[in-house]
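Subject: Handover of a structure

Dear colleague,

I am passing a structure on to you, and I would be glad if you could look through it before reading my notes. The notes follow directly below it.

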Amino acid sequence: INKMKKLFTLLALLMVTAGWAFAASTNYLCADFNGLSTKNADFTVTFGPYSMALAKTDKGATAPVYNANAKDLRVYANGTLTLSTTGETFNKVVFNVSTKGKEQLADVLASVGSVTVDPTTATATWTGTGVKSVTFTVGAKNVYGTKTDKTAGQLCFSSIDITTGSGQAEETV
């Protein structure tokens with residue numbers, strides 16, 4: 001029985017080690033982009049193998065912005081955010097909504113895969129199958145936020161978790 005316990009312990013350790021070998025964990029927060037100049041223009045943020053291109057689009061009324069006071073990135077109604085990588089493919093992206101973002105949280109659509117917005121956990125979670133790029137479009141109206149539903153939609157987030165490859169490790173951006 002003792003040998004069996006040791007064998008199961010060794011197998012469990014090997015399974016955990018193998019799962020983490022597929023993806024490295026790196027931490028990035030939107031606060032790390034402090035000093036980013038985004039005044040009234042589309043812009044791109046690059047970090048590690050990732051880049052995020054934030055844009056107003058023709059249907060949008062407000063350009064995206066990095067808010068230095070709240071330390072969050074903000075994409076407004078009908079705006080887009082394209083996340084891409086030069087590294088390993090990703091399967092899951094979780095936008096961690098900022099305090100301000102909880103006020104006018106909108107639906108978020110994805111060019112591939114699907115997005116679930118959860119106001120109770122203050123997240124917008126995308127799931128897909130091994131992509132190198134996905135474009136997110138922020139809904140026109142506040143659906144989940146604490147302000148009235150007559151306000152414009154937003155996606156304001158203070159960090160982003162990206163699950164890469166076939167492993168389960170997450171990178172926080």
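Phe136 is a good place to begin, since at 1% relative accessibility Phe136 counts as buried, where buried means under 20% relative accessible area, exposed means over 50%, and partly exposed lies in between (1.4 Å probe, protein chains only). Please keep in mind that this is a predicted model, in which local features need pLDDT of at least 70 and side-chain atom pairs count only at pLDDT 80 or more, while totals for chains, interfaces and linings use all residues. Residues are numbered from 1 along each chain as its sequence is written, and side-chain values use heavy atoms, with hydrogens and water left out.

Phe136 has a ring partner, and the search of the whole structure that covers such partners finds 6 aromatic pairs; rings of Phe, Tyr and Trp (its six-membered ring) pair if their centres lie within 6.5 Å, and planes under 30 degrees apart count as stacked, over 60 as edge-to-face and the rest as tilted. The centres of the Phe95 and Phe136 rings are 5.1 Å apart and their planes stand at 90°, so this pair is edge-to-face. Because Phe95 belongs to strand E6 (residues 90-97) and Phe136 to strand E10 (residues 133-142), the pair ties together parts that are 41 residues apart in sequence. Phe95 is buried too, with a relative accessible area of 1%. Both residues also belong to one aromatic cluster, which is formed by Phe90, Phe95, Trp126, Phe136 and Phe157.

As for the chain as a whole, it has 1 helix and 12 strands, these being DSSP runs numbered from the N terminus (helices: H or I, at least four residues; strands: E, at least two). The order of elements from the N terminus is α-β-β-β-β-β-β-β-β-β-β-β-β. Of the 173 residues in the chain, 40% are buried. Among the contacts with a separation of 6 or more, 66% are between residues 24 or more positions apart, a contact meaning heavy atoms within 4.5 Å. The accessible surface of the chain is about 9300 Å², and 57% of that belongs to carbon and sulfur atoms, with areas taken from the Shrake-Rupley method with a 1.4 Å probe, and with only the protein chains shown counting as cover for residues.

Turning to charged side chains, the structure holds 3 salt bridges, each being a side-chain nitrogen of Lys or Arg within 4 Å of a carboxyl oxygen of Asp or Glu. One of them joins Asp72 to Arg74, with the closest N and O atoms 2.8 Å apart, and both Asp72 and Arg74 are buried. Glu103 is bridged to Lys100, where the closest N and O atoms are 3.0 Å apart, and also to Lys147, where the corresponding distance is 3.7 Å. Since Glu103 sits in the loop between E6 and strand E7 (106-110) and Lys147 in the loop between E10 and strand E11 (154-164), this pair ties together parts that are 44 residues apart in sequence. Lys100, Glu103 and Lys147 are thus linked in a network of salt bridges. Glu103 is partly exposed at 21% relative accessibility, Lys100 is partly exposed at 36%, and Lys147 is likewise partly exposed at 36%.

Finally, a word on the cysteines: the count comes to 0 disulfides, a disulfide being a pair of cysteine sulfur atoms within 2.5 Å. Cys30 counts as buried at 0% relative accessibility, and Cys156 counts as buried at 0% as well.

With best wishes
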